[in-house]
Amino acid sequence: NSSENEARLQQMEQQISAIHDSMMRQQVLVAYTALRAEGLHGLSESLQKASEIDPNWHGAVSRMHLITVATEWPEELQPLAGVAATQLDEFAKALNDGDLAASKKEGPEAHLAWHNLDSAAANFLGPDGHGDMSH
């Protein structure tokens, strides 16, 4: 009886772990897709040529920050997500303050942090550990 209970408990723990892993992958996929949809590449390129801040930029960067902090990242992606969240927050603040010079400084740093997270997320999601790292 005791060994049957232990076997059932072990089976349930494995099922719970599999469900958690599946939910984590789904959450990373949603975040990965949503972050890419904000168009940080185009925004970054436009910002470097800009003489004023486009009012839409703050919303896009703020959404990216929110997605990054709201996602439950797997342990191996948490450090990159933390850096991306910090950099996106700094970038959003500069944009919100209307500080073009600070935005041009923070933008590339946020862009790089996002790229690092994006590449790691692609690898996490890729079936062979080598996800699609294209832009």
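## A tour along helix 5

Select residues 100–125: this is helix 5, with 26 residues. From first C-alpha to last, helix 5 reaches 36 Å, close to the 38 Å expected at 1.5 Å a residue. Keep in mind that the model is predicted.

**The start.** Show the side chain of Asp 99. One of its oxygens comes to within 3.3 Å of the backbone nitrogen of Ala 101, at the start of helix 5.

**The kink.** Move on to Glu 106. Here helix 5 has a kink of about 25°. The proline Pro 108 follows shortly after.

**First neighbor: helix 2.** Now add residues 40–49, which form helix 2. The axes of helix 2 and helix 5 come within 10 Å and cross at roughly 150°. Helix 2 is therefore roughly antiparallel to helix 5, since angles over 145 degrees count as such. The crossing is left-handed. To see the contact, show Leu 40, His 41, Ser 44, Leu 47 and Gln 48 in helix 2. Their partners in helix 5 include Gly 107, Pro 108, Ala 110, His 111 and Trp 114.

**Second neighbor: helix 1.** Add residues 2–37 for helix 1. Helix 1 packs against helix 5 at an angle of about 140°, with the axes 10 Å apart. The two are therefore oblique to each other. This crossing, too, is left-handed. On the helix 1 side, select Met 24, Arg 25, Val 28, Leu 29, Tyr 32, Leu 35 and Arg 36. They meet a set in helix 5 that includes Trp 114, Leu 117, Asp 118, Ala 121 and Leu 125.

**Last stop.** Which residue of helix 5 meets both helix 2 and helix 1? Center on Trp 114: it is listed in the contact with helix 2 and in the contact with helix 1.

Key: Residues numbered from 1 in each chain as written. Predicted model: local features only at pLDDT ≥ 70, side-chain atom pairs only at ≥ 80, totals over all residues. Heavy atoms only, no water. Helix = DSSP H or I, 4+ residues; strand = E, 2+ residues; numbered from the N terminus. Expected span 1.5 Å × (residues − 1). Bend = angle between axes of the 7 residues up to and from the residue. Polar contact = N/O pair within 3.5 Å; in protein donor to acceptor, adjacent residues only side chain to side chain. Axes fitted to C-alpha atoms, helices over the stretch in contact; angles between N-to-C directions. Parallel < 35°, antiparallel > 145°, perpendicular 65-115°, else oblique. Left-handed = near helix turned anticlockwise from the far one by under 90°. Contact = heavy atoms within 4.5 Å.
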